[in-house]
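Reader: I am new to this structure and should like a close look at a single part, the nonpolar core and the charged pairs around it. Please explain the terms as they arise.

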Amino acid sequence: QGYEGLVEGGDNIKQANWLSVSNIIQLGGTVIGSARCKAFTTREGRLRAARNLVEHGITNLCVIGGDGSLTGADIFRSEWAGLLDELVRDGQISEEVARQNCRLNIVGLVGSIDNDFCGTDMTIGTDSALHRIMEVIDAITTTAQSHQRTFVLEVMGRHCGYLALVSGLASGADWLFIPESPPEDGWEDLMCERLGE
């Protein structure tokens, strides 16, 4: 469950083996879970997370997420030595254990459907989100045609119109709104004229 599992520890941290990862590659979303974690935004929460990692002998962390997750990873990395010092001071770990876990290696992967991160062609989640959108469009297109109706479809993407733009191109949408290009005054009349054609 993301940082929530890291902070809570216990059964949330388990070793992946052949049996536990078999037959998950075709599943959408995240099989390992995801959660917003307020505790990790505090030093106390990150201290608990550090203790859980040390208890399991984990010195490599792969963070898949968006802005919040990757910012949290950077803060965790910068505080790591101080967190270990605090755990030693509080008697929760020995100096030897702190020495063995003195380095935390973090790999950050952008897991966002928005596709709004520079330096990569496509962020993790964008492709599967686009496929789901196209499945929905395929399903409602025949209904729209048979009822001679116009359908409005809203997709996610926060401040990035990538999913809307690409799915609009792929489906042959008649009208499209994206945040990068807000509609001008009088767009309603222009849209009605276009749809009327």
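Author: A nonpolar core is a set of buried Ala, Val, Leu, Ile, Met, Phe, Trp, Tyr and Cys residues joined through side-chain atoms within 4.5 Å. Buried means under 20% relative accessible area, exposed means over 50%, and partly exposed lies in between, with a 1.4 Å probe and protein chains only. The model is predicted, so local features need pLDDT of at least 70 and side-chain atom pairs count only at pLDDT 80 or more, while totals for chains, interfaces and linings use all residues. Residues are numbered from 1 along each chain as its sequence is written, and side-chain values use heavy atoms, with hydrogens and water left out.

The largest nonpolar core has 22 residues, and those with the most contacts inside it are L6, F40, F76 and W80. Two or more residues of this core come from each of α1 (2-8), α3 (43-55), β1 (60-65) and α4 (67-89). Helices (H or I, at least four residues) and strands (E, at least two) are DSSP runs, numbered from the N terminus. Helix α4 gives the largest share of the core, 6 residues. In soluble globular proteins, nonpolar side chains tend to be buried together.

F76 deserves a closer look. Contact here means heavy atoms within 4.5 Å. Not counting residues up to four places away in sequence, F76 touches L6, F40, R46, A49, A50, L53, L61, L83 and L104. Apart from the largest core lies another, of 6 residues, among them L130, I133, M134 and I137.

The charged pairs come next. A salt bridge is a side-chain nitrogen of Lys or Arg within 4 Å of a carboxyl oxygen of Asp or Glu. Side chains of opposite charge can pair when their charged atoms come close. The structure holds 8 salt bridges. One of them joins R48 and E8, with the closest N and O atoms 3.3 Å apart. This pair links distant parts of the chain, since R48 is in helix α3 and E8 in helix α1, 40 residues apart. R48 counts as partly exposed at 42% relative accessibility, and E8 is also partly exposed, with a relative accessible area of 43%.

A salt bridge also joins the side chains of R43 and E79, at 3.7 Å from N to O. Here too distant parts of the chain are linked: R43 belongs to helix α3 and E79 to helix α4, 36 residues apart. Are the two partners buried or exposed? R43 counts as partly exposed because its relative accessibility is 30%, whereas E79 is buried because its relative accessible area is 17%. R43 and E79 also belong to a network of salt bridges that includes R46 and E86. R46 appears again among the residues that F76 touches.

Within helix α4 itself, D74 and R77 lie 3 residues apart, about one turn of the helix. Their side chains meet in a salt bridge of 2.7 Å, N to O. D74 is partly exposed, with a relative accessible area of 42%, and R77 is partly exposed at 46%.

In summary, helix α4 gives 6 residues to the largest core, holds both D74 and R77, and is linked to helix α3 through E79 and R43.
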